[in-house]
Amino acid sequence: AELAWLLGLCREHRIPHHVLGSGFNTLVRDGGLDGVVVRLAKLRGLAERPGSRLRAEAGVSHSQVTRFCSGRGLAGLEFCAGIPGSVGGWLAMNAGVPENEIESRVDEVEVMSPSGAAIRHLPRADLRFVYRALRGLAPGSVLLSALFSVTLSTPDAVRHEVDRQLSRRAGTQPLNVPTCGSVFKNPPGDHAGRLLEAAGLKGHRIGGAEFSTVHANFIANTGNATASDVLALIEHAQKTVHSQTRIVLVPEVRVVGRPA
Ligand SMILES: Cc1cc2nc3c(=O)[nH]c(=O)nc-3n(C[C@H](O)[C@H](O)[C@H](O)COP(=O)(O)OP(=O)(O)OC[C@H]3O[C@@H](n4cnc5c(N)ncnc54)[C@H](O)[C@@H]3O)c2cc1C
C-alpha cells in the first residue's frame, strides 16, 4: 500500500522514479538521479509454497535465498549462489551463469504498474526473458515477488552444489574490490572478457577505474573512480575491440542518472 501510494504521488506530480535493487549491476552517473529512488528493502518475505515452489519478495537478497534453500534442501537455484543482488534485480536482469538463467526457475511474477494503480500476476508464458533482461513490462513497473519452482533434495546436496558454485566464482571474479558487475554482455559465440583481454585491456586504467586484472569484464574502483572514469573506460574498450574485431560490445551494466 505504501509503494502504491508513493508511485501514485510521483505520477500525480510528474516526478520520475527509478527502481533500485541492491545496485550490483547499476552505475549512477556523477550528477546523481533526479526524482525518487524506490528501494524494496522491506519486501523480505521468503516462504515455501505447495507444489515444490518458493515465493520470494523482490527485496530478498541473494544470500538469503541461498541460506534458505540450503537449510531446507531445496534444489534448483544453486547456480544463483554468489550472483550478488536482490530477487527483483535477478528477475529484471535475468541473472545467470553460462549454463542457466533465472528464467528457467520462474513460474510467476507479481508486478505493480508504474502508477501504482494495479498489481498483476504474470505466468511464465507471459514473461519475455532474454539474455540479461526482462522485456515487455512498462518502464517504471515494479517487480514485487516471484514464484520459483524448486526440487526437493537434501541440505547436504544443496550445500555441496552451492559451495561448488562459490569456489568457481572465487577463482575467476574480482570479489574483494568494488565493481559494477559484468560490464558488457557476451556477444554471440564469444566472451566479452576474452575479447577485452585479447585487446590488451586487462589492467587498463582511466582515472580511478581499471579493467580488473582478475577478470577483464569487470571494472574495479581502485579508490577514487568517478562514474565518468568508468564510462570513459567503457567507451575506450568498445572502440578498441570494434577496431580490432568489428564486434560491438553492448553494456550489461545499467547506466542511470545525469552527468555532473
Ligand atoms: C562481483 C559480481 C559478480 C556478478 N556475477 C554475475 C553473474 O554471474 N551473473 C549475472 O547474471 N550477474 C552477475 N552480476 C551482476 C548482478 O549481480 C546481477 O545483475 C544482479 O541481478 C543485480 O541485482 P541487483 O538487485 O543488485 O540489481 P540492481 O543493480 O539494483 O538493478 C539492476 C536492474 O534491475 C532493475 N530492478 C531491480 N529491482 C527491480 C524491481 N524490484 N523491479 C523492477 N526493476 C528492478 C533496476 O532498475 C536495474 O535496471 C555480478 C555482479 C558483481 C558485482
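**Briefing: overall build and one open sheet**

The accessible surface of the protein chain comes to about 12900 Å², and carbon and sulfur atoms hold 53% of that area. The model is predicted. Its secondary structure comes to six helices and 19 strands. The radius of gyration is 19 Å, close to the 18 Å that the globule rule gives for 260 residues, so the chain is as compact as a globular protein of that length.

**Size and packing**

- The C-alpha trace spans about 50 × 50 × 30 Å along the principal axes of the protein chain.
- Of the 260 residues, 43% count as buried. Here buried means under 20% relative accessible area.
- Take the contacts between residues at least 6 apart in sequence: 64% of these join residues at least 24 apart.

**Charge**

- The protein chain carries 29 positive side chains and 23 negative ones.
- The centres of the two sets lie 2 Å apart.

**The four-stranded open sheet**

- Which order do the strands of this open sheet take? They run 15-18-17-16 across the sheet. The pairing is antiparallel.
- Which strands form the edges? They are strand 15, residues 179-182, and strand 16, residues 205-206. Each of these edge strands pairs on one side only.
- In a regular strand, side chains alternate between the two faces of the sheet.

**Strand 17 with strand 18**

- Strand 17 covers residues 209-211, and strand 18 covers residues 218-221.
- How many bridges join strand 17 to strand 18? There are three, and the two strands run antiparallel.
- The two strands form a hairpin, with six residues between them.
- A209 stands opposite N221 in strand 18.
- F211 has I219 of strand 18 as its bridge partner.

**Strand 15 with strand 18**

- Strand 15 pairs with strand 18 over two bridges, in the antiparallel sense.
- Which residue of strand 18 does S182 stand opposite? S182 faces F218 across this pairing.
- Strand 18 thus has strand 15 beside it in the sheet order, with strand 17 on the other side.

Notes
Residues are numbered from 1 along each chain as its sequence is written. This is a predicted model: local features need pLDDT of at least 70, side-chain atom pairs count only at pLDDT 80 or more; totals for chains, interfaces and linings use all residues. Side-chain values use heavy atoms; hydrogens and water are left out. The radius of gyration is taken over C-alpha atoms; the globule rule is 2.2 Å times the number of residues to the power 0.38. Buried means under 20% relative accessible area, exposed over 50%, partly exposed in between (1.4 Å probe, protein chains only). Contact means heavy atoms within 4.5 Å. Accessible areas come from the Shrake-Rupley method with a 1.4 Å probe; for residues, only the protein chains shown count as cover. Lys and Arg count as positive and Asp and Glu as negative; His and the chain ends are not counted. The place of a charge is taken as NZ of Lys, CZ of Arg, CG of Asp or CD of Glu. Two strands pair if DSSP finds at least two bridges between them.
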